[in-house]
Amino acid sequence: MAFSQDYELIWSEEFDAPTLNAAIWNIETGFGKNYEEQLYTSNPENIRLEDDKLIITALKGNEKNSYTSARINTLNKQHFKYGRIEVRAKLPNGSGTWPAIWMLGANHLSKGYPYCGEIDIMEHVGKSPNEIHGAVHFPLESEKLISSSDVLLVEDIKDTFHVYAIEWDRKEITYYIDETEYFRFDISQANQTFKKNVFRKPFYLIINLALGGNWAGEIDDSIFPAQLYIDYIKYYK
């Protein structure tokens, strides 16, 4: 991996323990937002560690329009501010899948959304099988949600592990897939006169596999089980 500048590895998650490390991860449960159709659970059939990898599996239940999956986060356990964050992952395919590797401001619970800010390291929807999206979301003084994003075409998303990364400092956030830069965001665009810039404070990490909703669309029931694999997460400063 060719970094744009010199970094030192300060934290990593290799998923090489028997079970998910509760000192790092929270497992979220309940129904998703954005009109998604999955129920998030902590069940082993939806989330497990195997062969030094995290595997999130989305499943169709016995009832009509019944789906389960998993979502985890590092809130109040592992936060990030500036540096390089990279995740090596292999994504599911098929219409209706919506895997994401993303971050929210660590003040999410106290300030709410969108005032906490959002950094999407990787989003993918199965109905667009070759597109990877990187994005930021933030409020302006009008309290309107502002988004800035770009997309990179990747031919072998469903068959191959790729490294999804951002390099983040006080001035900008730069997005990479493997060694290819495809999006650069000027943080000053999020300057506000009434509060601190949302991208100059700590964030926490979220990994999930959603289904359906207002972006992923109609679910193809023939795709299950659909699986998101995470090989490792590394944080450099």
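1. Two strands pair if DSSP finds at least two bridges between them. In this predicted model, β8 and β18 satisfy that condition, running antiparallel over three bridges. Within the pair, Arg71 has Asn208 of β18 as its bridge partner.

2. β18 has further partners. Strand β11 (residues 97-105) is joined to β18 by nine bridges, again in the antiparallel sense, and Trp98 is matched there with Ala210. Strand β9 (residues 79-80) also pairs with β18 in the antiparallel sense, over two bridges; here Phe80 stands opposite Phe203.

3. How many residues of strand β18 are buried? Nine of the nine are, so the strand (residues 203-211) is largely enclosed by the rest of the structure. Phe203, Leu205, Ile207, Leu209 and Leu211 point one way from β18, while Tyr204, Ile206, Asn208 and Ala210 point the other way. In a regular strand, side chains alternate between the two faces of the sheet.

4. The two directions of β18 can be read alongside the nonpolar cores. The largest core has 56 residues, and those touching the most other members are Met103, Trp168, Ile173, Phe199, Ile207 and Ile230. Apart from it lies another core, of seven residues, with Ala100, Trp102, Tyr204 and Ile206 among them. Ile207 and Ile206 point opposite ways from β18. In soluble globular proteins, nonpolar side chains tend to be buried together.

5. Ile173 deserves a look in the viewer. Leaving aside residues up to four places away in sequence, Ile173 touches Ile119, Val136, Ile166, Glu167, Trp168, Phe183, Arg184, Phe185, Ile187 and Phe199. The list includes the charged residues Glu167 and Arg184, which return in point 7.

6. The structure holds nine salt bridges. One of them links Glu28 and Arg71, with the closest N and O atoms 3.0 Å apart. Glu28 lies in strand β2 (residues 26-28) and Arg71 in strand β8 (residues 71-73), so the pair ties together parts that are 43 residues apart in sequence. Arg71 is buried, at 16% relative accessible area, whereas Glu28 is partly exposed, at 22%; the cut-off for buried is under 20%.

7. Arg184 and Glu181 meet through their side chains in a salt bridge (2.9 Å, N to O). Arg184 is partly exposed, with a relative accessible area of 42%, and so is Glu181, with 37%. Arg84, Glu86 and Glu167 are joined into one network by salt bridges that share partners.

8. Arg48 and Glu50 form another salt bridge, their closest N and O atoms being 3.0 Å apart. Arg48 counts as partly exposed at 28% relative accessibility, as does Glu50 at 36%.

Methods:
Residues are numbered from 1 along each chain as its sequence is written. This is a predicted model: local features need pLDDT of at least 70, side-chain atom pairs count only at pLDDT 80 or more; totals for chains, interfaces and linings use all residues. Side-chain values use heavy atoms; hydrogens and water are left out. A salt bridge is a side-chain nitrogen of Lys or Arg within 4 Å of a carboxyl oxygen of Asp or Glu. Helices (H or I, at least four residues) and strands (E, at least two) are DSSP runs, numbered from the N terminus. Buried means under 20% relative accessible area, exposed over 50%, partly exposed in between (1.4 Å probe, protein chains only). A nonpolar core is a set of buried Ala, Val, Leu, Ile, Met, Phe, Trp, Tyr and Cys residues joined through side-chain atoms within 4.5 Å. Contact means heavy atoms within 4.5 Å.
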